Amino acid sequence: MKDLIDKLFREKQLSRDEYISLIKDHSESDAEYLFSLAVKRRMEYYGKDVYVRGLIEFTNYCKNDCYYCGIRRSNRSVERYRLTKDDIMSCCEQGYELGFRTFVLQGGEDPYYTDYKICDLVSSIKNKYPDCAVTLSIGEKEHESYKAYFDAGADRYLLRHETADSGHYARLHPSEMFFDHRIKCLYDLKEIGYQVGCGFMVGSPYQTAENLADDLLFIKELQPQMVGIGPFISQHDTPFAQMNSGTMEQTLFMLGLIRLTLPPVLLPSTTALGTIHPLGREKGILAGANVVMPNLSPVSVRKKYLLYDNKICTGDEAAECKNCLQMRMRSIGYDVVVSRGDSKQT
Ligand code: SAH
């Protein structure tokens, strides 16, 4: 196994079978070895800097019905909310004062926010904070919508591909959602000129080692600037309520493999990882990640944006979230930095 990890470090790529055997058969000491090389690789590009992205969860209305997600349209137990433009601008203002230079607008796929409204939001934020990056994470749209947001000033777009296997995709989503369309979206976003983030859940229902290997091959092919992964965590009001959640160990292992496969990638240590283990986010950084995404949403709505159960940080003010993360990063010898934190990818 260590030979395979060395090979991945050297060549930044393995065959599908090699990835599968690493994912299936690694020992704890193989994982430690992988993390040491992943950290070494990350150090070459980013040192011990950890970038922060302020996450604004601006709507929990969603027209989709993904089987894993707590804010799916069929979940009648969710109290739905939308932030107004003023709410969102004041989140940014607060975030800016706290040193955030990237704002991530994330939400369900909510038709209330027409392209016109999204463009207006993006251009208002960019006009007020020209030194900041604006990231959108609002799901699948058509090319012309993505282009309009980009022209309004959006810099980045996060759209997890969820799985690179169309059969697996069909087991996670209802039949009105199409794998091919999701993948097309990612290529459209790249072509338009966005810095793009894809990603997937680790340990999602029916996922196999083969699926995870295909995720790595897909990432290698797409060459995104960012890859967001976290453990699947079951949510009690979804069809997957009884399914097992993903593990921290496997999520960390995948973080390490992604760092070695795509060395300059921006790799968040996610809230979901912090949810399944109290030190999950610290361990993510020590497995090769270099981004954290504290929540900037108003505390009044935090408990309504529950994609999965037991989500952390739902009661803290933005400043507390930022301080907490800063302390956590310092405790492992890392620094949270104030900058847009663009990818070092050329
Ligand atoms: N609606 C947007 C963004 C919001 S969902 C979109 O479709 O892109 C953001 C991510 O949360 C999803 O891509 C999914 O990978 C993750 N997620 C959803 N439900 C989850 C769960 N139960 N456990 C862990 N992650 C989940």
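In which sense do strand 4 and strand 5 pair, and over how many bridges? In this predicted model, strand 4 (residues 133-137) and strand 5 (residues 156-158) pair in the parallel sense, over 2 bridges. Within this pairing, Thr135 stands opposite Arg156 of strand 5.

**The sheet**

The two strands belong to an open sheet of 6 strands with parallel pairing, in the order 2-3-4-5-6-7. The edges are formed by strand 2 (54-59) and strand 7; each has a single partner strand, so one side of each is left without a neighbour in the sheet. From one strand to the next, the twist averages 20 degrees. Helix 8 lies across strand 5 and strand 6, and runs at about 155 degrees to strand 6.

**Helix 9**

Helix 9 covers residues 209-222, which makes 14 residues. From its first C-alpha to its last it reaches 20 Å, close to the 20 Å expected at 1.5 Å a residue. Is helix 9 largely enclosed or largely open, and how many of its residues are buried? Of its 14 residues, 11 are buried, so helix 9 is largely enclosed by the rest of the structure. The buried residues include the charged or polar Asn211, Asp214, Asp215 and Lys220, alongside Leu212, Leu216, Phe218, Ile219 and Leu222, among others. Their cover includes helix 2 (16-25), helix 7 (166-172), helix 8 (179-192) and helix 10 (248-261). Strand 6 (195-202) and strand 7 (226-231) of the sheet are also among the covering elements. Just after helix 9, Gln223 takes a positive phi of about 55 degrees.

**Helix 1 and helix 10**

Helix 10, one of the elements covering helix 9, also packs with helix 1 (residues 2-11): their axes come within 8 Å and cross at roughly 40 degrees. Helix 1 and helix 10 are therefore oblique to each other. On the side of helix 1 the contact is made by Ile5, Leu8 and Phe9, and on the side of helix 10 by Leu257, Leu260 and Thr261.

**Single residues**

Three residues are set out by their relative accessibility.

| Residue | Relative accessibility | Class |
|---|---|---|
| Asp30 | 7% | buried |
| Lys48 | 36% | partly exposed |
| Cys321 | 4% | buried |

Asp30 is found in helix 3 (residues 28-46). Leaving aside neighbours within four places in sequence, Asp30 is in contact with Met1, Lys2, Ile5 and Asp25. Of these contacts, Ile5 also takes part in the contact between helix 1 and helix 10.

Lys48 has its place in the loop between helix 3 and strand 1 (49-52). Beyond its neighbours within four places in sequence, Lys48 is in contact with Met43, Gly333, Tyr334 and Asp335. Lys48 and Leu266 are 218 residues apart in sequence, and their C-alpha atoms are 13 Å apart in space.

**Cysteines**

How many disulfides does the structure hold? The structure holds 0 disulfides. For Cys313, the closest cysteine sulfur is that of Cys321, at 4.4 Å, which is too far for a bond. Cys321 in turn has the sulfur of Cys313 as its closest, at 4.4 Å. A disulfide requires the two sulfur atoms to be within 2.5 Å, so the sulfurs of Cys313 and Cys321, 4.4 Å from each other, do not form one.

Methods. Residues numbered from 1 in each chain as written. Predicted model: local features only at pLDDT ≥ 70, side-chain atom pairs only at ≥ 80, totals over all residues. Heavy atoms only, no water. Buried < 20%, exposed > 50% of the residue type's maximum accessible area, 1.4 Å probe, protein only. Helix = DSSP H or I, 4+ residues; strand = E, 2+ residues; numbered from the N terminus. Contact = heavy atoms within 4.5 Å. Expected span 1.5 Å × (residues − 1). Pairing = 2+ DSSP bridges. Axes fitted to C-alpha atoms, helices over the stretch in contact; angles between N-to-C directions. Parallel < 35°, antiparallel > 145°, perpendicular 65-115°, else oblique.
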